[in-house]
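Good morning, and thank you for making time for this presentation. Please have the sequence and the model open, as I shall refer to both throughout.

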Amino acid sequence: MDYLRTLGSAAVSSLVQKSGLNLPFSLGPKVLSLDGVCNLYDGTKRDDGSSVSIFEYDFSDQAKKTIRQFATNALRKLRSTRHPDVLKFMDAVETDTIIYIMTERVRPLQSVLQSWSGRDAREREDWLLWGLHRISVALTFVNEPCASTHGKLCVNSIFISPSGEWKLGGFELFSNPKEEAPILYTSGAMYPNSPIWASPEVKKGGWYEPAVADAYALGLLLYAVFNPALGLPATAHAPHPPPTASSSGSIPPVVFPSFKKLLNPNPRGRQSPKSFLEIGMMDNGFFSTNKLVKVCLGLDNFALGSEAEKNAFLRALKESSASFPPEFTSNRILPSLVTALEYGGSSAAVILPLILQFGASVSPEEYPSVVLAPLVKLYASPDRGTRMALLDHLSEYVEKLDKKTVSEKIFPHLSTGFADTVAVIREATTKSIILLGPKLTDRILNNDLLRFLAKMQTDPEPSIRTNTCILIGRLGPTLGYHTKKKVLVPAFSRALRDTFVHARVAGLMAFMATIDYFDVDDIANRVIPNIAFTMIDKEKLVRDQAFKAIDLFVKKLENHAAAMPETSLSDSTGNAVSLPEQTTLVTTAAGAASSLAGWAISSLGKKLITSDLQTTIEVGTSTASTERPISAPTLLGKNEINSSFIPSTGSQTVFASVTPLSSLSRPKGMQLGPKVPLSTTSAVVAEQWADDTTYPVRIENPWGNDDLIDVNADEDDWSRHPTLHAAQLLTHVSGAFETAPAVVAPKSMTPSELDFGLIPRNGRSATHHSPSRNAISSVSFLVPTTMATSRGRNGNDEVPEHLPSPAPTTPSFSEMTKEEKAAEMARRKEERKQRIALLKEQKKGAVRGN
């Protein structure tokens with residue numbers, strides 16, 4: 001084993017594993033050798049990677065065979081003794097030559113005392129008394145319930161936990177006098193340096209009650225920790241004179257009387273560890289007044305105290321927080337406070353600020369595990385007091401949270417607060433998103449969170465609706481581009497229609513704050529129209545803010561418009577068209593009306609003077625192409641559209657367009673006709689507007705001198721015109737499943753070019769009457785020559801024989817009786833059926849001919 005000691009701890013661990021041992025830990029660096037009996041190592045637990053301490057008892061050397069009995073006793077007693085102030089046993093590995101005992105991570109008191117030598121005297125005294133209190137409690141447990149004697153109480157048998165608490169160890173001589181062959185009484189003298197802490201009666205070979213020997217060793221320990229640079233006191237040597245105040249060194253005066261009683265040479269008059277503890281815990285005792293002792297007792301009994309006791313303890317803890325050792329704060333106070341916070345209740349609002357206050361002294365490496373991990377776990381608590389405390393103090397620890405923790409561990413539990421029945425929780429949850437928003441993932445920001453905020457905008461509480469609008473405005477920079485386009489305007493517009501004044505103001509301010517996220521099209525088409533109505537809000541506060549918002553957006557539009565070209569139109573050569581300029585701006589409504597009319601008339605007049613003033617106006621018969629506006633689309637060809645202009649016998653001008661029957665084909669199942677592009681429709685409309693200037697429509701009195709509509713006059717009833725049914729029939733046959741009827745452009749034609757059967761060349765109408773004045777805006781559907789021919793066999797103009805002869809003139813409905821009206825309607829219905837049957841036969845014949 002001497003060879004192994006020359007190797008590193010990793011090599012030792014590797015060799016031990018190769019020998020067949022399965023160690024539950026990994027050996028780290030060696031810390032200290034204790035009395036030459038065992039070695040203390042730092043280690044790591046294999047299953048969870050936690051820090052542990054390893055006590056190694058190596059008795060492979062023949063000279064150290066006696067160590068085996070001490071190692072075996074230490075393992076057996078430490079495994080069976082469980083107490084908060086006793087070193088915590090975790091695991092062990094035992095072979096014929098070596099024993100490993102794994103415990104919680106500790107440091108030897110001997111090395112820690114040296115680090116405390118430079119501390120403040122008062123702080124050091126408090127820490128030492130607190131440690132002696134913990135050892136006294138452990139000794140009382142060993143002496144009373146266990147009825148045993150520790151037998152080896154000294155500096156090397158005490159260890160310090162990460163929280164700074166003192167732990168009792170060194171159980172090599174731990175013995176019960178009732179056991180068979182207790183090691184303390186049989187082999188105690190063989191332990192190295194045992195005479196140093198042995199009491200006078202033990203040195204003489206006498207043994208008394210279990211606590212007597214430990215009481216004397218406790219007195220020596222008290223002297224050693226307060227005077228580490230000094231040796232044993234004079235009373236430890238024969239003839240054991242009583243200690244004096246001058247020889248007490250740094251022992252506090254209040255402790256000195258008990259110190260003297262602990263070192264009484266007479267075992268019957270010696271004070272026991274239990275009595276020492278009771279004296280110290282009396283009112284105004286040296287233990288009861290120690291702040292560290294009081295804090296530990298308050299933390300241990302916190303759950304059992306009343307609300308008044310809890311508040312008093314927390315208040316005292318806050319006042320003395322600066323005087324606690326850092327390791328005591330981070331490893332003793334913080335875990336206890338977090339455990340207390342899990343119980344929730346009204347004290348949570350006081351506990352959480354203390355946790356954050358004490359957490360400030362924790363190192364950055366330990367902060368996530370010591371402070372953040374417990375707080376994140378508390379978000380799953382259903383207690384409202386805990387949730388409110390976490391949200392109220394979120395700003396103090398949010399910067400230390402990472403994005404993954406917020407998105408995966410906090411937000412799923414936090415989102416339940418949006419639907420809480422208590423309004424305060426909903427409002428606090430909404431406000432917390434301002435801090436947590438930058439740490440949320442894009443998926444949560446642009447989907448889950450916005451769904452919750454949409455519900456919050458309809459919350460019954462006006463303050464929540466207002467804060468929700470403000471929150472959406474502040475989240476604007478973090479939202480995706482498409483999300484901004486879809487969400488911001490509707491969300492702010494909803495706020496503008498809120499009944500709460502400040503919610504409307506918040507909506508206006510949110511619009512202004514996010515102006516950079518709206519393009520000019522959105523501002524002109526969506527933002528300003530949604531804001532405009534607030535300029536006449538009933539509240540002056542809203543109106544004033546609305547005008548400021550409008551000014552801001554209009555100014556942005558003005559800046560953009562100033563950089564735009566004057567026009568986007570261009571002529572056939574690609575050169576920009578110069579539009580007439582207006583020299584002055586209009587500031588009044590009347591001025592705007594007159595300026596608008598004058599501007600338009602003068603501009604058009606200049607156009608005619610420069611280009612067309614010397615040309616001749618030709619109506620209908622001109623073969624030259626008509627000059628069309630540059631911006632007008634190209635017209636469809638003749639093969640695509642059949643259009644005609646037909647002057648009627650009256651004074652109206654009628655446009656008609658019919659698809660020739662020859663172009664029809666037999667429909668094959670369900671077929672969709674070609675769609676007419678929107679540009680084609682615009683071209684046709686533009687061409688009709690152009691033709692209106694070519695073919696004047698003469699209407700002497702377009703509105704008439706009597707009523708516009710005579711409900712009793714049926715002279716213009718469309719049932720009297722057989723052409724209506726022909727057009728309907730053609731539409732049904734040619735495009736029963738077409739999405740839209742064909743749009744045709746008017747074609748310039750002279751009356752002589754027309755060859756329609758229903759209007760003869762001599763001007764006589766095929767019907768018995770001329771169109772009335774009320775039919776000025778109607779469109780007459782004409783049947784093409786393929787269905788009805790105006791010429792007879794000899795080529796003269798006559799009414800076709802297959803068409804019914806004109807019906808005799810009937811009086812107006814207003815002159816008929818009720819029975820006459822019924823008879824007239826029946827007659828007209830019968831005529832209509834005959835016409836429809838005739839047209840169907842003609843259509844069948846035309847189809848067969850094709």
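Leaving aside its neighbours within four places in sequence, which residues is Leu113 in contact with? Before I answer, please note that what we are viewing is a predicted model.

The answer is that Leu113 contacts Trp127, Leu128, Val155 and Val225, once neighbours within four places in sequence are set aside. Leu113 itself belongs to helix 4, which covers residues 109-115. With a relative accessibility of 7%, Leu113 counts as buried. One of those contacts can be followed along the chain: Leu113 and Leu128 are 15 residues apart, and their C-alpha atoms are separated by 9.4 Å.

Let me turn to confidence. The average pLDDT of the protein chain is 74, and 68% of the residues score at least 70. Two stretches deserve caution. Over residues 1-15 the pLDDT stays under 50, and the model has 18 contacts beyond four places in sequence for them. Residues 599-808 also have a pLDDT below 50, and this stretch has 215 contacts in the model beyond near neighbours in sequence. Where pLDDT is low, the predicted coordinates should not be read in detail. I would therefore ask you to apply that caution to the contacts within residues 599-808, since the pLDDT there is below 50.

I now come to the sheet. It is an open sheet of 5 strands in the order 1-2-3-5-4, and the pairing is antiparallel. Which strands form the edges? They are strand 1, residues 25-34, and strand 4, residues 89-94, each of which pairs on one side only. From one strand to the next, the twist averages 25°.

Consider the strands one pair at a time. Strand 1 and strand 2, the latter comprising residues 38-45, run antiparallel and are joined by 7 bridges. Within this pair, Leu32 stands opposite Leu40 of strand 2, and Leu34 has Cys38 of strand 2 as its bridge partner. The hairpin of these two strands has 3 residues between the strands, and in it Asp35 takes a positive phi near 60°.

On to the next pair. Strand 2 is joined by 6 bridges to strand 3, residues 51-58, and these two also run antiparallel. Here Asp42 stands opposite Ser53 in strand 3. The hairpin of strand 2 and strand 3 has 5 residues between the strands, and Gly49 takes a positive phi near 75° in it. Is strand 2 enclosed or open? Of its 8 residues, 6 are buried, so strand 2 is largely enclosed by the rest of the structure.

My next topic is salt bridges, of which the count comes to 27. One of them joins Asp537 and Arg504, whose closest N and O atoms are 3.0 Å apart. Asp537 lies in the loop between helix 24 (520-531) and helix 25 (540-562), whereas Arg504 lies in helix 23 (residues 501-513), so this pair ties together parts that are 33 residues apart in sequence. Both Asp537 and Arg504 are buried.

Helix 29, residues 818-849, offers another setting. There, Glu831 and Arg827 are 4 residues apart, which means about one helical turn separates them. Their side chains meet in a salt bridge of 2.5 Å, N to O. Glu831 is buried at a relative accessible area of 19%, while Arg827, at 28%, counts as partly exposed. Glu831 also forms a salt bridge with Arg835, with the closest N and O atoms 3.2 Å apart. Those two residues are likewise 4 residues apart in helix 29, or about one helical turn. Both Glu831 and Arg835 are buried. Salt bridges that share partners join Glu824, Arg827, Arg828, Glu831 and Arg835 into one network.

What of the cysteines? A disulfide is a covalent bond between the sulfur atoms of two cysteines. This structure holds 0 disulfides. Two of the cysteines may be mentioned here: Cys154 is buried at 13% relative accessibility, and Cys469 is buried with a relative accessible area of 1%.

Finally, a residue in helix 21, which spans residues 462-475: Thr466 is found there. Is Thr466 buried or exposed? Its relative accessible area is 9%, so Thr466 is buried. Not counting residues up to four places away in sequence, Thr466 touches Phe500, His502, Ala503 and Ala506.

Thank you for your attention.

Technical notes: Residues are numbered from 1 along each chain as its sequence is written. This is a predicted model: local features need pLDDT of at least 70, side-chain atom pairs count only at pLDDT 80 or more; totals for chains, interfaces and linings use all residues. Side-chain values use heavy atoms; hydrogens and water are left out. Buried means under 20% relative accessible area, exposed over 50%, partly exposed in between (1.4 Å probe, protein chains only). Contact means heavy atoms within 4.5 Å. A disulfide is a pair of cysteine sulfur atoms within 2.5 Å. A salt bridge is a side-chain nitrogen of Lys or Arg within 4 Å of a carboxyl oxygen of Asp or Glu. Two strands pair if DSSP finds at least two bridges between them. Axes are lines fitted to C-alpha atoms, for helices over the stretch in contact, and angles run from 0 to 180 degrees between N-to-C directions. pLDDT is the predictor's confidence in each residue, from 0 to 100.
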